[in-house]
Amino acid sequence: MAEPSKSVVITGVSSGVGLAAARAFLARGYRVFGSIRRDADAEQLRAELGPNFMPLLFDVTDAEAVARAATDVAHALGTRPLTGLLNNAGIAFGGPLQHQPLDVIRQHFEVNVLGLIQVTQAFLPLLGARAGFAGHPGRVLNMGSVSGQVASPFLGAYVGSKHALEGVTATWRRELGLFGIPVVLIGLGVTQTPIWDKGIDLGPYAHTPYHGPARRFLGFINKTRSQGLTPEYVAGRLVQIMETPRPKLRYTIAADVFRAYIVPRLLPARALDWLLARGLGLKAS
């Protein structure tokens with residue numbers, strides 16, 4: 001059987017959007033290289049997804065493991081270029097910034113920003129960012145969030161990392177024009193994924209003034225998640241974006257783009273502050 005002519009590296013394929021994206025790209029005839037952190041998950045997905053899926057065992061924060069994975073992909077591709085890189089891996093842990101441990105805050109930037117940069121640097125030569133490259137350049141899709149432009153309380157570390165990703169993506173988009181490599185930012189809204197299952201633990205903040213407002217916010221998150229997009233829908237959109245001849249610079253993928261993204265950005269900042277304060281109880285008595 002001939003090897004697929006198209007290939008994509010996807011980080012964080014063990015569950016959620018990453019796993020759905022791996023399935024969607026495989027269904028479109030791609031060879032998928034997916035990053036996984038545990039051997040057991042790698043073996044399970046190899047058996048489930050079939051011969052055109054190659055697990056890559058690395059954490060995005062592990063420089064040596066990322067470099068080994070890039071070498072493995074280069075050997076697997078031979079003379080073929082890499083079609084795309086989907087930077088999907090990320091974390092989100094909620095809590096008031098006043099009390100959230102600094103190591104947790106730092107972890108968001110290590111994974112969501114620095115890890116993404118590290119992975120992208122490793123795979124850019126395979127996408128065509130090198131002297132003497134003669135093939136068709138690939139492209140990079142960075143999984144951002146509507147939180148990258150609309151800040152939510154109690155998600156400050158996550159919001160900060162996604163704001164940073166907006167800037168990093170814009171800079172890379174301009175720099176990689178030298179090689180004809182499109183860099184696209186995905187502004188993802190709430191999805192029905194496991195990222196929030198362990199992401200907001202209010203226990204450590206039970207004795208702070210933030211506990212009541214944070215509980216209201218958690219209720220809002222749980223309600224909107226049940227109404228959010230399915231990973232399969234998001235994955236289908238990602239395939240379309242990877243394949244569109246002239247992609248836009250940024251795509252917002254949300255169940256209700258108007259309410260989740262457009263309205264909060266059109267409202268004056270003080271008006272949005274007032275609405276959130278009233279709704280969550282974030283007002284001084």
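This report covers the nonpolar cores of the structure and the packing of one helix pair. The model is predicted.

**Cores**

In soluble globular proteins, nonpolar side chains tend to be buried together. Here the largest nonpolar core holds 33 residues. Ile-10, Phe-25, Val-32, Ile-186 and Leu-238 have the most contacts inside it. Several elements each supply at least two residues of this core. The table lists them.

| Element | Residues |
|---|---|
| Strand E1 | 6-10 |
| Helix H1 | 16-27 |
| Strand E2 | 30-36 |
| Helix H2 | 39-49 |
| Strand E5 | 139-145 |
| Strand E6 | 183-188 |
| Helix H7 | 231-243 |
| Strand E7 | 250-253 |

H1 gives the largest share of this core, with 8 residues. A second core is separate and has 29 residues. Ala-65, Leu-124, Leu-176 and Val-183 are among them.

Val-32 shows the contacts of one core residue. Neighbours within four places in sequence are left aside. Val-32 then touches Val-8, Ile-10, Ala-22, Phe-25, Leu-26, Asn-52, Phe-53 and Met-54.

**Helices H3 and H4**

Two packed helices are described by the angle between their axes and the distance between the axes. Helix H3 spans residues 63-77, and helix H4 spans residues 102-127. Their axes come within 9 Å and cross at roughly 20°. An angle under 35 degrees counts as roughly parallel, so H3 and H4 are roughly parallel to each other. Their crossing is right-handed.

H3 brings Ala-63, Val-66, Ala-69, Ala-70, Val-73 and Ala-74 to the contact. H4 meets them with Gln-118, Val-119, Ala-122, Phe-123 and Leu-126. Of the residues in this contact, 10 are nonpolar, 1 is polar and none is charged.

Note on methods: Residues are numbered from 1 along each chain as its sequence is written. This is a predicted model: local features need pLDDT of at least 70, side-chain atom pairs count only at pLDDT 80 or more; totals for chains, interfaces and linings use all residues. Side-chain values use heavy atoms; hydrogens and water are left out. A nonpolar core is a set of buried Ala, Val, Leu, Ile, Met, Phe, Trp, Tyr and Cys residues joined through side-chain atoms within 4.5 Å. Buried means under 20% relative accessible area, exposed over 50%, partly exposed in between (1.4 Å probe, protein chains only). Helices (H or I, at least four residues) and strands (E, at least two) are DSSP runs, numbered from the N terminus. Contact means heavy atoms within 4.5 Å. Axes are lines fitted to C-alpha atoms, for helices over the stretch in contact, and angles run from 0 to 180 degrees between N-to-C directions. Angles under 35 degrees count as roughly parallel, over 145 as roughly antiparallel, 65 to 115 as roughly perpendicular and the rest as oblique. A crossing is left-handed if the near helix is turned anticlockwise from the far one by less than a right angle, and right-handed if clockwise. Ala, Val, Leu, Ile, Met, Phe, Trp, Tyr, Cys and Pro count as nonpolar, Asp, Glu, Lys and Arg as charged, and the others, Gly among them, as polar.
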